[in-house]
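Here are my notes on the model you sent over. Have the structure open while you read, and go through the points in order.

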Amino acid sequence: MLDKSIRELDRERSGLQSQEKKLIADIKKMAKQNQMGAVKVMAKDLVRTRHSITKFYGLKSQLQGVSLRMQTLKSTQAMADAMRGVTRAMAGMNKALNLPSLNNIMREFERQNEKMESTTEVMGDAIDDAMAADGEEEESEELVSQVLDELGCNMDVMLVDAPTGGGVKVPKVAA
């Protein structure tokens, strides 16, 4: 609606601008013919035309401002409608939410979760113990033997030859 009015104002303004150009040409023509009375009348008409053009620009700006305000109001109304819908949805969810029941569910979940963690920990420890007894003991003995072999010591022989009594000094092994 307002856009149509703005377009009509633009058409009228364009018409006045072409009339302004025509008046300027006529004033020049009459001035060359030395018809000062006609030139003065046309000059007054030119001034009125220019004022009208300026007023059309102002009116167009005002209409564009009104159009912008109307668009802002439409946007605000759309936001209010959306907020109304969200508020209704939230109210419905709050009615459907049974807080005591939810608390009971959360407590039961926590109890079951702790029970599961405890069971998992016991099972993990049992598996670790079973696996450690089988492989780790043998691996650690092999590793010790490897290190001692690299050092050039045979621990089994040294342990057999080792004194078991009090004041005997054991010679240091050179690495």
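1. Which side chain does Arg-111 meet in a salt bridge? Its partner is Glu-108, at 2.7 Å from N to O. (A salt bridge here is a side-chain nitrogen of Lys or Arg within 4 Å of a carboxyl oxygen of Asp or Glu.) Both residues sit in helix 3, 3 residues apart, or about one turn of the helix. Glu-108 counts as partly exposed, at 33% relative accessibility. For the burial words, buried means under 20% relative accessible area, exposed means over 50%, and partly exposed is in between, with a 1.4 Å probe and protein chains only.

2. Before going further, some ground rules. This is a predicted model, where local features need pLDDT of at least 70 and side-chain atom pairs count only at pLDDT 80 or more, while totals for chains, interfaces and linings use all residues. Residues are numbered from 1 along each chain as its sequence is written, and side-chain values use heavy atoms, with hydrogens and water left out.

3. On confidence: pLDDT is the predictor's confidence in each residue, from 0 to 100. The protein chain averages 85, and 84% of the residues score at least 70. Helix 2 (residues 36-96) has the highest confidence, at a mean of 93, and helix 4 (residues 155-161) the lowest, at 56. The helices are DSSP runs (H or I, at least four residues), numbered from the N terminus.

4. Now the helix lengths. Helix 1 has 31 residues and reaches 45 Å from its first C-alpha to its last, close to the 45 Å expected at 1.5 Å a residue. Helix 2, with 61 residues, should span 90 Å, and its end C-alpha atoms are indeed 90 Å apart. The expected span is 1.5 Å times one less than the number of residues. Just after helix 1, Asn-34 takes a positive phi of about 65°.

5. What do the buried residues of helix 1 pack against? They pack against helix 2, and the buried residues of helix 2 pack against helix 1 in turn. (Contact means heavy atoms within 4.5 Å.) From helix 1, the buried set includes Leu-9, Leu-16, Leu-23 and Ile-27, but also the charged-pair residues Asp-10, Arg-13 and Glu-20. In helix 2, the buried residues include Val-39, Met-42, Leu-46, Ile-53 and Phe-56, along with Thr-49 and Lys-60.

6. Those buried charges deserve a look. Asp-10 pairs with Arg-13 in a salt bridge, with the closest N and O atoms 3.1 Å apart. The two are 3 residues apart in helix 1, so about one helical turn separates them. Arg-13 has a relative accessible area of 11%. Shared salt-bridge partners join Asp-10, Arg-13 and Lys-60 into one network.

7. Glu-20 forms a salt bridge with Arg-50, with the closest N and O atoms 2.6 Å apart. Because Glu-20 lies in helix 1 and Arg-50 in helix 2, the pair ties together parts that are 30 residues apart in sequence. Glu-20 is buried at 16% relative accessible area, whereas Arg-50 is partly exposed at 41%. The whole structure has 5 salt bridges.

8. Last, the surface. Leu-97, Leu-99, Leu-102, Met-106 and Phe-109 form a nonpolar patch with about 500 Å² of accessible area together. Met-106 lies in helix 3 (residues 99-151) and is partly exposed, at 46%. Patch residues have over 30% relative accessible area and no salt bridge; like charges are joined within 9 Å, and nonpolar side chains (Val, Leu, Ile, Met, Phe, Trp, Tyr) within 5 Å. Areas come from the Shrake-Rupley method with a 1.4 Å probe; for residues, only the protein chains shown count as cover.
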